[in-house]
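Here is a briefing on one protein chain. Look over the sequence and the fold before reading on.

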Amino acid sequence: MNSDELKQRDLKVLWHPCTQMKDHETLPMIPIRRGEGVWLEDFEGNRYIDAISSWWVNLFGHANPKINAAVKAQLDELEHVLLAGFSHEPIIQLSEQLVAITPPGLTRAFYADNGSSAVEVALKMSYHYWLNSGQPEKKQFVCLSNSYHGETLGTLAVGDVALYKETYEPLLMKSIVVPGPDCYQREDDETCREVAIRQFEHMEKILAEQGDQIAAVIVEPLVQCAGNMRMYDPVYLELLRAACDRYNVHLIADEIAVGFGRTGTMFACEQADISPDFMCLSKGLTGGYLPLSVVMTHEHIYDAFYDDYENLTAFLHSHSYTGNPLACSAALATLQIFTNENVIKSNQKLIEKMADSTRHLEAHPHVSEVRQTGMILAIEMVKDKATKTAFDWRERRGIRVYQHALSQGALLRPLGNVIYFMPPYIITEAQIETLASIATEGIEIATKT
Ligand SMILES: *Cc1c(COP(=O)(O)O)cnc(C)c1O
């Protein structure tokens with residue numbers, strides 16, 4: 001099959017996500033023939049380092065032999081069964097293991113099949129908990145400025161990235177958006193910790209004033225990924241946990257992007273030593289193989305729904321593919337790799353390499369910041385370094401880096417003017433060096449005039 005023919009056939013029948021389709025009149029769309037490790041290979045034999053883990057899902061490479069074997073074995077046993085009234089071994093095992101590795105107290109696993117759906121579940125569960133507990137007035141949700149929790153209507157309502165939200169605003173439920181702890185906004189002499197503490201006052205005030213009506217606060221712990229990889233200090237999570245307890249409000253940790261080692265620890269919440277009331281996981285959960293998501297929660301939340309049928313307190317939510325066994329088998333194989341290969345510890349070398357190989361960019365006249373939290377490293381391109389004035393978004397400078405990177409064998413899909421690395425953990429130090437030099441050239445080209 002040849003690439004041009006595939007592109008033509010694609011453009012006749014497909015409508016791609018997060019894409020102005022007209023862009024494909026000039027920007028390449030790339031049919032991929034196969035994947036192996038960090039590499040994606042197209043129909044012309046070109047290979048690309050998947051530096052963004054295919055939208056942050058892939059952890060241990062494409063066509064990973066261990067995950068492949070696990071999925072193949074499961075395929076011959078049971079491909080799928082409904083999860084209401086039925087169960088299966090992979091999902092029981094997976095739930096036991098998730099209970100064991102997530103922060104203390106998270107003892108119940110409720111499944112869905114993508115990240116947005118998990119967030120919807122957490123929102124509904126929080127509201128419904130208060131309803132079952134005789135506090136139906138607690139139905140507001142609080143989120144942070146620049147937050148992203150998915151693109152279904154409920155999750156957009158608790159997000160704050162204009163690109164995704166603005167158009168659909170008239171359709172959305174109202175939520176309370178509180179100015180967040182993003183450290184990019186620091187004053188010259190401020191630390192990230194100081195920014196987080198200062199910004200927490202906004203949250204404290206809202207919770208103090210409206211806590212009675214608030215069901216939950218939802219946050220992306222440590223890194224607001226879709227919001228241009230903005231990062232903040234763990235102290236914010238500590239303060240938030242304490243305040244949520246004080247004002248009797250749930251804390252939902254959306255670790256869909258940051259879970260499974262991305263921030264350097266297995267879960268980002270560990271860095272603040274907190275346990276949320278709900279933890280949403282997806283993306284890396286199956287190693288990037290199959291759609292699956294889960295909401296982990298506490299026994300006392302579960303208990304608030306446990307009653308005689310006639311009392312109608314049961315949680316009402318289901319998706320057809322909830323807890324799919326093939327996806328669970330990929331997740332189990334993924335967790336096995338974490339244990340067998342001591343991944344969190346061995347990633348430390350890669351984390352240092354990412355820092356070392358991009359440090360020189362801090363001096364670049366059009367780079368305002370090189371920031372990093374664990375295995376996520378972001379480089380923000382700006383028009384004016386001193387004032388952090390952004391390039392006009394219409395200039396689409398990030399796309400220029402993207403195109404240069406493709407020509408050099410790397411997939412570096414940017415977020416606006418932010419270039420980032422969020423690679424699979426099987427990447428080598430040499431491949432990180434390569435990515436850094438491709439990004440450096442790309443930024444040079446993209447910021448010229
Ligand atoms: C990707 C993402 C989601 C949505 O997950 P989907 O599977 O794309 O619906 C939600 N929250 C965060 C933090 C994410 O990064």
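The notes below cover the domains, their interface, the disulfide and one histidine.

This is a predicted model. The domain assignment splits the protein chain into domain 1 (31-63 + 342-446) and domain 2 (68-340). Their C-alpha centres are 26 Å apart. The structure also holds one disulfide.

**Domain interface: extent**
- Domain 1 brings 32 residues to the contact, and domain 2 brings 30 residues.
- About 2,700 Å² is buried between domain 1 and domain 2.
- Carbon and sulfur atoms account for 60% of that buried area.
- On the domain 1 side, Trp 56, Ile 344 and Thr 373 together supply 22% of the area buried against domain 2. No other three residues supply more.

**Domain interface: polar and charged links**
- Two salt bridges are counted between domain 1 and domain 2.
- Arg 230 and Glu 380 form a salt bridge through their side chains, at 3.1 Å from N to O.
- Polar contacts across the interface number 18 residue pairs, with both residues at pLDDT 80 or more.

**Domain interface: what domain 1 presents**
- Two helices, H2 (53-56) and H12 (343-358), each give two or more residues to the side of domain 1 that touches domain 2.
- Strands S13 (367-373), S14 (376-381) and S16 (418-421) do likewise.
- S13 gives the largest share of that side, with five residues.
- By class, this side of domain 1 has 19 nonpolar, nine polar and four charged residues.

**Disulfide**
- Cys 183 and Cys 192 are joined by a disulfide, with an S to S distance of 2.0 Å.
- The link of Cys 183 and Cys 192 is left-handed, at -90° about the S-S bond.
- A disulfide is a covalent bond between the sulfur atoms of two cysteines.

**His 80 and its surroundings**
- His 80 sits in the loop between helix H3 (65-75) and helix H4 (89-101).
- Leaving aside residues up to four places away in sequence, His 80 touches Ser 320, Tyr 321, Thr 322, Asn 324 and Pro 325.
- A polar atom of the His 80 side chain lies 3.2 Å from the backbone oxygen of Ser 320.
- The side chains of His 80 and Asn 324 make a polar contact of 3.0 Å.
- How far apart are His 80 and Glu 380 in sequence and in space? The separation is 300 residues in sequence and 44 Å in space, C-alpha to C-alpha.

Key. Residues numbered from 1 in each chain as written. Predicted model: local features only at pLDDT ≥ 70, side-chain atom pairs only at ≥ 80, totals over all residues. Heavy atoms only, no water. Domains from an automatic or database assignment. Contact = heavy atoms within 4.5 Å. Buried area = accessible area lost by both parts, 1.4 Å probe. Salt bridge = Lys/Arg side-chain N within 4 Å of Asp/Glu carboxyl O. Polar contact = N/O pair within 3.5 Å; in protein donor to acceptor, adjacent residues only side chain to side chain. Helix = DSSP H or I, 4+ residues; strand = E, 2+ residues; numbered from the N terminus. Nonpolar A, V, L, I, M, F, W, Y, C, P; charged D, E, K, R; others polar. Disulfide = S-S within 2.5 Å.
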